[in-house]
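Here is a short report on one protein model. It covers strand pairing, the nonpolar cores and a surface patch.

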Amino acid sequence: MLDENEVKNQEVKENVEETNKENVEEEKKEIIAEEMVEEEPSSIVDVNEELHERINLSDENTFFNLVNTRQKKFMDYFNKTKKMSTIFMLICLAVIILVFFLARGSGAFIYICLGFVLVYFVLITLYSKKTKSKLNEDSNKVIEEYFINLDSYVTSNKAFSDVKFNQTKKLEENTFKDLKICKDIIQVTARDYIEGKLLSYNFVAGDNCVKTREKKENGSTQDYIVFLGKLFVLDAKLVNDEQRAIIYLKGKGSNGPTDIDDLTLQEEVLSEKYVVYSNFDVNTILNDEIKLVLEQFEVNDYLVDMFITINNSKLAFGFSYNDGIMVVPLTNPVGKNDIKEYKKDVELMVEIVEHLKKED
């Protein structure tokens, strides 16, 4: 048996460990968020927002082979460039050192050495500029092809149609804000715009990173990333004008929806892993079939949390994911289990929409 002090020490230790984990996760989110912020135009090879057609890519092995082959090719070139830069630098340094020893007896040796140093810096600058431009071009191609392959694979279900996308185009900022999930939103960044039809519903989708600003007890403010993931918004009128609901799959350490002043917590609608807020009886929307599908969603190493919102004109699904899904695989192969989770969640979303369509 632990005495009272040992129990307290253990509780403090667990709290510190949990806080450290949350800090690490917040840092990861910040890094991904920075990647999603708009780049300088000069660093982007193709900034046009022409939408790409979906390609036939329903087989997961084909998807993983395509992505990993392209990523490996890029990394091979990247590593070769680094190696060549190192060799070039060592050769130039060796020449400079050789000239230094050969010319040190001459009164002009200082000028000769300075000349070689100047030539070295000019050559290394030109080489670096050329390789950087080529790496930027190649990395943009890898990113573009990755999202074309990913979006085609994830929307390969026959329920999707007329799907088009472009990773440089972004969801409108109000797409997330108008769902009324969180208060005090200060920033919404986006990438990878997708549009099309899911059954007969028009939809838009894409990556979103959402920040809020909260006031602390001491009067200072703190910014938090409250959503980092994939957002799907369908044009679907499922309820009356004033009705709305939020269904939230609770995540580890997540606070959940905050824009709920006009909603009521609904008890015993779903299992304890969910919280449901609404201003009407959501059982009129969530039949037994839909509830069974909802219970298949699980917070795990890949899915951080999830929300579904229903209002008078929109049905939205928001999936928060870890960095294995949200980071573009430039330097590391794509994680199979991460993408499988994303694909599974989209398939479950399709099932829910199918059941709602029957009720519509």
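H52 stands opposite F165 in strand β2. The model behind this pairing is predicted. H52 belongs to the short run of strand β1, residues 52-53, which pairs with β2, residues 160-166, in the antiparallel sense. Strand β2 also pairs with strand β3, residues 185-198. There, F160 has L198 in β3 as its bridge partner.

| Strand pair | Sense | Bridges |
|---|---|---|
| β1 and β2 | antiparallel | two bridges |
| β2 and β3 | antiparallel | five bridges |

Next, the interior. Which residues have the most contacts inside the largest nonpolar core? They are L315 and F317, in a core of 64 residues. Helix α7, residues 336-359, gives the most to this core, with nine residues. A second, separate core has 20 residues, including V188, V233, I246 and Y248.

F317 repays a closer look. Neighbours within four places in sequence are left aside here. F317 then touches K230, L231, F232 and L234. Its contacts also include F307 and I308. M349, I352 and V353 complete the list.

Now the surface. M84, I87, I91 and V95 form a nonpolar patch there. Together they have about 320 Å² of accessible area. M84 lies in helix α2, residues 60-103. Why can M84 count towards a patch? Patch residues need over 30% relative accessible area, and M84 has 39%, so it passes that cut-off. With that value, M84 is partly exposed.

How values were computed. Residues are numbered from 1 along each chain as its sequence is written. This is a predicted model: local features need pLDDT of at least 70, side-chain atom pairs count only at pLDDT 80 or more; totals for chains, interfaces and linings use all residues. Side-chain values use heavy atoms; hydrogens and water are left out. Patches are made of residues with over 30% relative accessible area and no salt bridge: like charges are joined within 9 Å, nonpolar side chains (Val, Leu, Ile, Met, Phe, Trp, Tyr) within 5 Å. Accessible areas come from the Shrake-Rupley method with a 1.4 Å probe; for residues, only the protein chains shown count as cover. A salt bridge is a side-chain nitrogen of Lys or Arg within 4 Å of a carboxyl oxygen of Asp or Glu. Helices (H or I, at least four residues) and strands (E, at least two) are DSSP runs, numbered from the N terminus. Buried means under 20% relative accessible area, exposed over 50%, partly exposed in between (1.4 Å probe, protein chains only). A nonpolar core is a set of buried Ala, Val, Leu, Ile, Met, Phe, Trp, Tyr and Cys residues joined through side-chain atoms within 4.5 Å. Contact means heavy atoms within 4.5 Å. Two strands pair if DSSP finds at least two bridges between them.
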